Amino acid sequence: MFGRKKKQAISEPTPRLVPQNLGIIMDGNGRWAKKRGLPRQAGHVTGAQVFRKITKYCEKCGVKYLTVYAFSTENWKRPQEEVDAIMNLLRQYLKESLADFQQENIRTRFIGDRSALAEDILKLMREAEETTAHKTGMTLNIALNYGGQQELTAATQALARRVQAGEISPEDIDEEMLGAALYTEDQPPVDLILRPSGEYRLSNFLIWQSAYAEFVFMDVLWPDFTEADLERAFEEYARRNRRFGGV
Ligand code: IPE
Ligand code: IPE
Ligand code: MG
C-alpha cells in the first residue's frame, strides 16, 4: 500500500563472493546413468557420493545454510523400483553419515512432509538431527518428500489452527510469521539457487524462500559435478547485482 511504512520482509545482505544461504537442486542422475548404459539407480548412487563431497566443500567455503533437494513430493510418480532404490540409498547414507559427518561441523536437519516416510527412516533422521544439533558450523537442510506448495499449505493450516484456537487474529499473520511457520523456520532467505543438469526451472523447490534468490543453471549433470563447478557458480553469483527492488 502506498505510504504505508512496513518492516522489510526481505533482508539485504551485503554482496559476498560466497552465498550465505545456498539451495542446490541435485538433478541429472538418471541422464548420467543412461548415457553410460546403466540403470537410473546407478546415477543416484554416484549422485549421493557427489552430495557428500559438495556438502563438505560448501562448509569449507563458508556457506552457512545449504539446502539440497533430495526427493520431491512429485518424485513418488517414478517407478516403484526407482523410489525404493532412492529410499535405500537414503538409509545407507543416514547410517554412514552418523559416523562420517560426526567429524564435520555440520548441523543436519530435514525439511519436508514426514508423514509418508517409513518408520525406520524417520528414526535415522531423528538420530542424525539429534546427534548434530550442537554443531556450530553450516546448517544442512536435506529436502526429503519436500514441495514448496505442500510446505506453504501445511504452514497455512498451522496458522489457521492458531486463529481457530484464539491465539492469534488473522491480521497478526505477516510475512515474518508465515516464514517462521515453514520447515526452514527462522533461517535467512536463500541467496543462490543452483541447478545443474540443464533444466531451467524450480520444480517446487523453496518457492517462498527464494523470492529474491539469484539463479545459476549449469549444463553439467549432478554426478559429474565438481568443486570447480561450485566455484564457477560462486564466481557467477559474485558478479550479480542484487537490488531487492531498490535501485
Ligand atoms: C535427480 O536426478 C534426483 C532425484 C530427483 C531423486 P533425476 O533422477 O531427476 O535425473 P534426471 O533428471 O532424470 O536425469
Ligand atoms: C527436482 O528434480 C527434484 C530433485 C532434484 C529431488 P526433478 O527431476 O524431479 O524435476 P523435474 O521433473 O525435471 O521438474
Ligand atoms: Mg530430474
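**Exercise 1. Find the polar contacts of ligand 1: which polar side-chain atom lies 2.9 Å from an oxygen atom of ligand 1?**

Step 1. Start with Arg40: a polar atom of its side chain lies 2.9 Å from an oxygen atom of ligand 1. That fits the rule for a polar contact (a pair of N or O atoms within 3.5 Å; within protein, one must be able to donate a hydrogen and the other to accept it, and residues adjacent in sequence count only if both atoms are side-chain atoms).

Step 2. Next, go to Asp27, where a side-chain N or O atom is 2.8 Å from an oxygen atom of ligand 1. Gly28 joins in through its backbone, with a polar atom 3.3 Å from a ligand 1 oxygen.

Step 3. Now check the cover. On its own, ligand 1 exposes 380 Å², and the protein buries 87% of that (areas by the Shrake-Rupley method with a 1.4 Å probe; for residues, only the protein chains shown count as cover).

A word on the ground rules: this is a predicted model, in which local features need pLDDT of at least 70 and side-chain atom pairs count only at pLDDT 80 or more, while totals for chains, interfaces and linings use all residues. Residues are numbered from 1 along each chain as its sequence is written, chains are lettered from A and ligands numbered from 1 in the order in which they are written, and side-chain values use heavy atoms, with hydrogens and water left out.

**Exercise 2. Describe the shell around ligand 1: how many residues surround it?**

Step 1. There are 13, and the closest are Asp27, Gly30, Arg31, Arg40 and Arg78 (near means a heavy atom within 4 Å).

Step 2. Sort them by element. Helices H1 (29-35), H2 (40-61) and H3 (80-100) each give at least two residues, and H1 has the largest share, with 3. (Helices, H or I with at least four residues, and strands, E with at least two, are DSSP runs numbered from the N terminus.)

Step 3. Sort by class: 3 nonpolar, 5 polar and 5 charged. (Ala, Val, Leu, Ile, Met, Phe, Trp, Tyr, Cys and Pro are nonpolar; Asp, Glu, Lys and Arg are charged; the others, Gly among them, are polar.)

**Exercise 3. Do the same for ligand 2: which side chains have an N or O atom 3.2 Å or 2.6 Å from one of its oxygen atoms?**

Step 1. The 3.2 Å pair belongs to Asp27, and the 2.6 Å pair to Ser203. Arg195 has a side-chain N or O atom 3.4 Å from a ligand 2 oxygen.

Step 2. Taken alone, ligand 2 exposes 390 Å², of which the protein buries 78%.

Step 3. Look around it: the shell includes Ile25, Met26, Tyr69 and Phe71. Strand S2 (residues 65-72) brings the largest share, 3 residues. By class you get 5 nonpolar, 2 polar and 4 charged.
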